[in-house]
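The exercises below ask for a careful reading of one protein model, each followed by a worked solution. Please look over the sequence and the structure before starting.

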Amino acid sequence: MASQMRAILTSKPGPAAQVLSLATVPVPALESAYDILVKIRGVALNPVDTKVRSSNTRPNRILGYDAAGLVEQAGEKALFKKGDEVMYAGAVARDGTNAQYGVVDSRIVGRKPKGWSWEDAAGLPLVGLTAWEMLEEQFGLKPFEKQTKEHTLLIVNGAGGVGSMATQLAARIFNVKNIIVTASRQETIDWAKKNGATHVINHREDIAAQLKDLSLKPTLAFICHDTLKYLPILVPVMRPFGRIGSIVGAPEPIPFQAGPGGAFSKALSFHWEYMFAKSAEDYEQESQGRILNLLADAAEEGKVGNLTTVKEVLSLASLKRGHELLESGKAIGKIVFEVRDTIEEN
């Protein structure tokens, strides 16, 4: 096995075109008995990559979280062995996946779905874990079962990676009756319907009026864009005892007010979802491996579909383009990359 690898680094905050660079660095070493070294064959891009890049001050940091590849080396307590095909979303405290090799705790790793390309499989872990944890652990829904309560789920920004996955899981794994997705362009409306939305409304128009026209009150609401903007809009339209969750952090206290008609008077609850919390806090990490394996099963059975809309070979130039597309706000689904035997500038 090689001792050196090619990787794409960033060392200071700034635009992708200015701060991403290509370098030769040492192949990472195992750090714990649970660790595995993975030869990376596919990676995917997420909004967290652009956020970390724009604020990063860690020298020579390798970005990237989603990956799929082959196990090259395994620690004595690792849950996988050399030669296994795996996928994972990594941990924020470790170097990322925009490289030829990566080290990850095997407890947060799942098997790669059979029949899926490396790069398409790499598009599953982060969005799959985020959506699944919100639906099961935060909202209390049971997978693969008929729900004991009839739910109406509202997903704000359903065309992004997490919103798209949440739509699929709600429709095909968690059996939610009404799935309302917000979208504003014809291509995103069509995308939401393809993923299983039963209704689509426009987040650029009056959400309350559109829900009234549908005669539906959400029991669950999943915010995938701008918590501070949408939380005050959602509280008045929720059914009592409803649950609101968000994956978008806020720079100031959230407006979950307790006044007349507010969250307190409806007994609403609010839930943050952050899939990196388990690895950061060493909390129930095995649950993420379980979820990823269930996602692999669902992918093989056709219950979870491919979210890829942009596919390229990983290079410095292609990764910069991917960051720029994500930050434009026009990306749909997942941007993924094939990782070949080396990583080039172009």
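Buried area is the accessible area (1.4 Å probe) that two parts lose on being put together, summed over both. The model is a predicted one, in which local features need pLDDT of at least 70 and side-chain atom pairs count only at pLDDT 80 or more, while totals for chains, interfaces and linings use all residues. Residues are numbered from 1 along each chain as its sequence is written, and side-chain values use heavy atoms, with hydrogens and water left out.

**Exercise 1.** Describe how domain 1 and domain 2 meet, beginning with the area they bury between them.

Solution. Step one is to set the bounds, which come from an automatic or database domain assignment: domain 1 covers 4-125 + 292-338, and domain 2 covers 139-272. Step two is the separation of the two centres, which, taken over C-alpha atoms, is 28 Å. The contact (heavy atoms within 4.5 Å) takes 16 residues from domain 1 and 15 residues from domain 2. Step three is the area: about 1200 Å² is buried between domain 1 and domain 2, with 69% of it on carbon and sulfur atoms. On the side of domain 1, the residues that lose the most area to domain 2 are Lys303, Leu307 and Ile332, together 47% of what that side buries.

**Exercise 2.** Work out which parts of the chain line the largest pocket.

Solution. The terms come first: on a 1 Å grid over the protein atoms alone, a cavity is a set of points where a 1.4 Å probe fits but cannot get out, whereas a pocket is an open set with protein on both sides within 12 Å along at least five of seven lines, and lining residues have an atom within 4 Å of a point. Grid points are joined across faces, edges and corners, and a volume is the space filled by probe spheres set on the points. On these terms the largest pocket holds about 1300 Å³ of space. Its lining has 48 residues, and Pro47, Lys51, Asn157, Cys224 and His225 lie nearest the centre. Helices (H or I, at least four residues) and strands (E, at least two) are DSSP runs, numbered from the N terminus. Among the elements that give two or more residues to this lining are α2 (47-55), α4 (125-138) and α12 (316-328), and α2 gives the most, with six residues. At least three lining residues come from each of domain 1 and domain 2.

**Exercise 3.** Find what lines the largest cavity, and sort its lining by class.

Solution. The largest cavity has about 70 Å³ of space, and the structure holds two cavities of 30 Å³ or more. Residues that line the largest cavity include Gly64, Tyr65, Tyr88, Arg94 and Asp95. Strand β7 (residues 101-105) supplies the largest share of this lining, three residues. For the classes, Ala, Val, Leu, Ile, Met, Phe, Trp, Tyr, Cys and Pro count as nonpolar, Asp, Glu, Lys and Arg as charged, and the others, Gly among them, as polar. The lining of the largest cavity then divides into five nonpolar, five polar and two charged residues.

**Exercise 4.** Which residues is Leu326 in contact with, leaving aside its neighbours within four places in sequence?

Solution. Leu326 is first placed in helix α12. With those neighbours left aside, the contacts of Leu326 are Leu45, Asn46, Pro47, Thr50, Ala331 and Ile335. As a last step, Leu326 and Asp341 are 15 residues apart in sequence and, C-alpha to C-alpha, 26 Å apart in space.
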